[in-house]
Amino acid sequence: MVEYGEWNLKGATFSDVTARKECGVDRSFIVKGIRAGKPEYRQGTIWGNPYIRVLRKQFEQYIAEELGADHLSRNKNKAELRKINNRIASL
């Protein structure tokens, strides 16, 4: 189990919605990983809507094991490009 402090670091965790956008996986893949015990997770709610928070480092390792490192890097690059394009558009 990871130290409690890692859950409080900025960027060390992300929600299931962000994981789907950045890593190109669906919710069933995330739940399958949680059931297998690969990434640690916490459940929460915002305004009555449930969400799952996972540790980024462990989840990325799980994706690399299951889908391959090239899948992870390709989708991370797409997400980074999307952020840059949005930033350029806002300027």
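The following legends describe an overall view and several close-up views of a predicted model of a protein chain.

**Figure 1. Overall view of the protein chain.** The predicted model holds four helices and three strands. Read from the N terminus, these elements follow the order β-α-α-β-β-α-α. The C-alpha trace spans about 40 × 35 × 25 Å along its principal axes. The chain has 91 residues, of which 35% count as buried. About 6400 Å² of the protein chain is exposed, and carbon and sulfur atoms supply 51% of this area. Contacts between residues at least 6 apart in sequence were also examined: 63% of them join residues at least 24 apart. The chain carries 17 positive and 11 negative charges, and the mean positions of these two groups are 6 Å apart.

**Figure 2. The open sheet of three strands.** The strands are arranged in the order β1-β3-β2, with antiparallel pairing. Strands β1 (13-15) and β2 (41-46) form the edges, each pairing on one side only. On average, neighbouring strands of this sheet are turned by 30° against each other, direction ignored.

**Figure 3. Strand β1, strand β3 and helix α3.** Strands β1 and β3 (residues 49-55) run antiparallel and are joined by three bridges. Within this pair, Phe14 stands opposite Val54 of β3. Helix α3 (residues 56-67) packs on the sheet, where the helix touches both β1 and β3. The direction of α3 makes about 80° with that of β3.

**Figure 4. The hairpin formed by β2 and β3.** Six bridges join these two strands, which run antiparallel. One of the residues to locate in this view is Thr45, whose bridge partner in β3 is Pro50. Two residues lie between the strands of the hairpin.

**Figure 5. Trp47 in the turn of the hairpin.** Trp47 is placed in the loop between β2 and β3. The phi angle of Trp47 is near 55°, a positive value in a residue other than glycine. Is Trp47 buried or exposed? With a relative accessible area of 85%, Trp47 is exposed, because a residue counts as exposed when this value is over 50%.

**Figure 6. His71 and its surroundings.** His71 belongs to helix α4 (residues 69-90). The relative accessible area of His71 is 18%; the residue therefore counts as buried, since the cut-off for this class is under 20%. Which residues are in contact with His71, leaving aside its neighbours within four places in sequence? They are Cys23, Gly24, Val25 and Ile63. His71 and Gly24 are 47 residues apart along the chain, and their C-alpha atoms are separated by 8.3 Å.

**Figure 7. Asn75 and its contacts.** Asn75 is also located in helix α4. Asn75 has a relative accessibility of 13% and so counts as buried. When residues up to four places away in sequence are not counted, Asn75 touches Glu22, Cys23 and Gly24. Cys23 and Gly24 are in contact with His71 and with Asn75.

Methods: Residues numbered from 1 in each chain as written. Predicted model: local features only at pLDDT ≥ 70, side-chain atom pairs only at ≥ 80, totals over all residues. Heavy atoms only, no water. Buried < 20%, exposed > 50% of the residue type's maximum accessible area, 1.4 Å probe, protein only. Contact = heavy atoms within 4.5 Å. Areas by Shrake-Rupley, 256 points an atom, 1.4 Å probe, with all protein chains shown as cover. Lys, Arg positive; Asp, Glu negative; His and termini not counted. Charge placed at Lys NZ, Arg CZ, Asp CG, Glu CD. Pairing = 2+ DSSP bridges. Axes fitted to C-alpha atoms, helices over the stretch in contact; angles between N-to-C directions.
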